[in-house]
Amino acid sequence: PKKTTAPSRLTYSRTTKSYPRAHIMAAEEDNSTVPIPEPEFDDNSVITLTTHQGQFGADPIPIKWGAATSAERGPVIATTRHSSQRNAIGAHSGGYSVYKALAVATGGLDPNYMPKFDLTTPVVKMGPFPSWHDPKRIVAMDPYGHMPSIAFEGHVKKGYDIRPTIAITKAHIDLPECKEAIRVGRLTPDGDVLTQDGQSHITKFAVEPVWNLPGIAERFGCTEANLRETLFKETNMMYPELVTRPDLDTFLPPVGGLTVYVWGSVDAIPDENIPLTVRVHDECNGSDVFGSDICTCRPYLTHAIEECIKTAQEGGTGIVIYYRKEGRALGEVTKYLVYNMRKRQEGGDKAEEYFNCTQHVAGVTDTRFQALMPDPLVWLGVTKIHKLVSMSNVKYDAITAAGIEVVERVAIPAELVPADAGVEIAAKVFNGYEGGDVYKVDKSTLEKVVGRDYDYKKSDAEMVAQDGLDALKKSGAEAAAEGEPAAKRAKSS
């Protein structure tokens, strides 16, 4: 097979059954003065309802978030094997930990089983970057989560059960949209980034959330005590240690993680002189997987992938970060309830009521809280994005607040907006999303955009939706005719 622009495969040693440390991460200062206590193992016959700071038997392994080296930082201990030395609240795998419990309860999994990680180390070298050692720059993931057996080798050799929270592998992506882009000439295969049959070569990172509670509280501008108490109450008291263990600063929340897809060289990401294209995408199962046309999620995602492929072919790197935040992190049930309200309200699915319908059902329009979103970009070493494939003002503000420069923002092309998605785009642009030279929505245009209703056999339902979409597309064309710049660019301050 032909080589890709991503770094070559790491050399695995069959003698040591591992990859050399230098192939996984750059060398750090050896700090052998940090003591490693002997591990203590649990008596599985005893059930402890909760623990308290300073009580007999509570002796967590020290963890210093943002320390200069991994040895000083210390590992995240969150398995059930060392309860007295555990230094994190919650469990690995988030909500999937419930399925693990079912496997143990039904006898399918031995709770004392130790995973074999010797062949699972990352396929590319990652870090460390200066941001890994700043306790304020990364607060929602463990910078060393991709290589705990290497970063905390001393603990592992003593018998500690330390689990990865990041996995890095390679794959081929096969999208019908890329095949179509080749057919019509938008993409050209090069046999390297993009093959003749439409497959693109990528490196991908799966990331589970690991929260540093003091950093999370500071990021959101609330006190740590209030954050802990609210998390405890709103999860129906699932995690009493949020309140009883103020000495434990690390929390593995029961929420979905994220996946990072990279086209081109991972090594080139920190280099500001090499073009970097980025999209941060929030999960939408209905559109991303099944092609629902009520939103622009899949077409915007696949357009971003095309842009990433082009950038990689030109010698740069493309990144798509896919967050598991279904329905603006309100969930799919809430999202479908909102759909019903939108379609059944008086006057139909009006763009001017788009956000109000979510507010009426959920009490809030969005709970994605993009303040945490830039952490994986910071972890990857990103300091400059040449092309941000996003119209979201909230995401843009969060990225630039993280100290990352954004040169250009790319709106979804008007021809990619699905038939019933004009409502979404019109509402978002009117409320602050960056439409560039593609969309310019004033009050008059907003009032014209109405989606179809649920009687799909009515020809006038499709006509109303199409009329609204045409008005939206016309807004950008009229703005361009009035002398607005052909390509509107947004510079970070």
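This is a short tour of a predicted model, going from the whole chain to one helix and then to the enclosed spaces.

**Stop 1: the whole protein.** Start with everything in cartoon. You should find 18 helices and ten strands. Now switch on a surface: about 23600 Å² is exposed, and carbon and sulfur atoms supply 54% of that. Of the protein's 493 residues, 48% count as buried. If you like contact maps, take those contacts with a separation of 6 or more: 74% of them join residues 24 or more positions apart.

**Stop 2: helix α11.** Select residues 297-313, which make up α11. Run a distance from the first C-alpha to the last and you get 24 Å for these 17 residues, close to the 24 Å expected at 1.5 Å a residue. Turn the surroundings back on. Because 15 of the 17 residues of α11 are buried, the helix is largely enclosed by the rest of the structure. Then step along to G315, which follows α11 and has a positive phi, near 100 degrees.

**Stop 3: the largest cavity.** Hide the cartoon and show internal voids. How many cavities of 30 Å³ or more does the structure hold? There are four. Go to the largest, with about 550 Å³ of space. Its lining takes in 32 residues, and the ones to show as sticks are C297, R328, Y354, E424 and K428, the closest to the cavity's centre.

Next, colour the elements around this space. Those that give two or more residues to the lining are:

- strand β7, residues 276-282
- helix α11, from the previous stop
- helix α12, residues 332-344
- helix α13, residues 354-362
- helix α16, residues 422-430

Which of these gives the most to the lining? That's α12, with five residues. Recolour the lining of the largest cavity by class and you'll see 13 nonpolar, eight polar and eleven charged residues.

**Stop 4: the second largest cavity.** Move to the other end of the ranking's top pair: the second largest cavity holds about 50 Å³ of space. To frame it, select P75, V76 and H92, then D142, Y144, G145, P148 and F152, and finally I162, R163 and T165; together they line this cavity. By class, the lining here has six nonpolar, three polar and two charged residues.

**Last look.** Bring the cartoon back with both cavities still displayed. Keep α11 highlighted as you rotate: this helix is largely enclosed, with 15 of its 17 residues buried, and α11 is also among the elements lining the largest cavity.

Notes
Residues numbered from 1 in each chain as written. Predicted model: local features only at pLDDT ≥ 70, side-chain atom pairs only at ≥ 80, totals over all residues. Heavy atoms only, no water. Helix = DSSP H or I, 4+ residues; strand = E, 2+ residues; numbered from the N terminus. Expected span 1.5 Å × (residues − 1). Buried < 20%, exposed > 50% of the residue type's maximum accessible area, 1.4 Å probe, protein only. 1 Å grid on protein atoms, 1.4 Å probe; cavity = no way out; pocket = protein on both sides within 12 Å on 5 of 7 lines; lining within 4 Å. Points joined across faces, edges and corners; volume = space filled by probe spheres on them. Nonpolar A, V, L, I, M, F, W, Y, C, P; charged D, E, K, R; others polar. Contact = heavy atoms within 4.5 Å. Areas by Shrake-Rupley, 256 points an atom, 1.4 Å probe, with all protein chains shown as cover.
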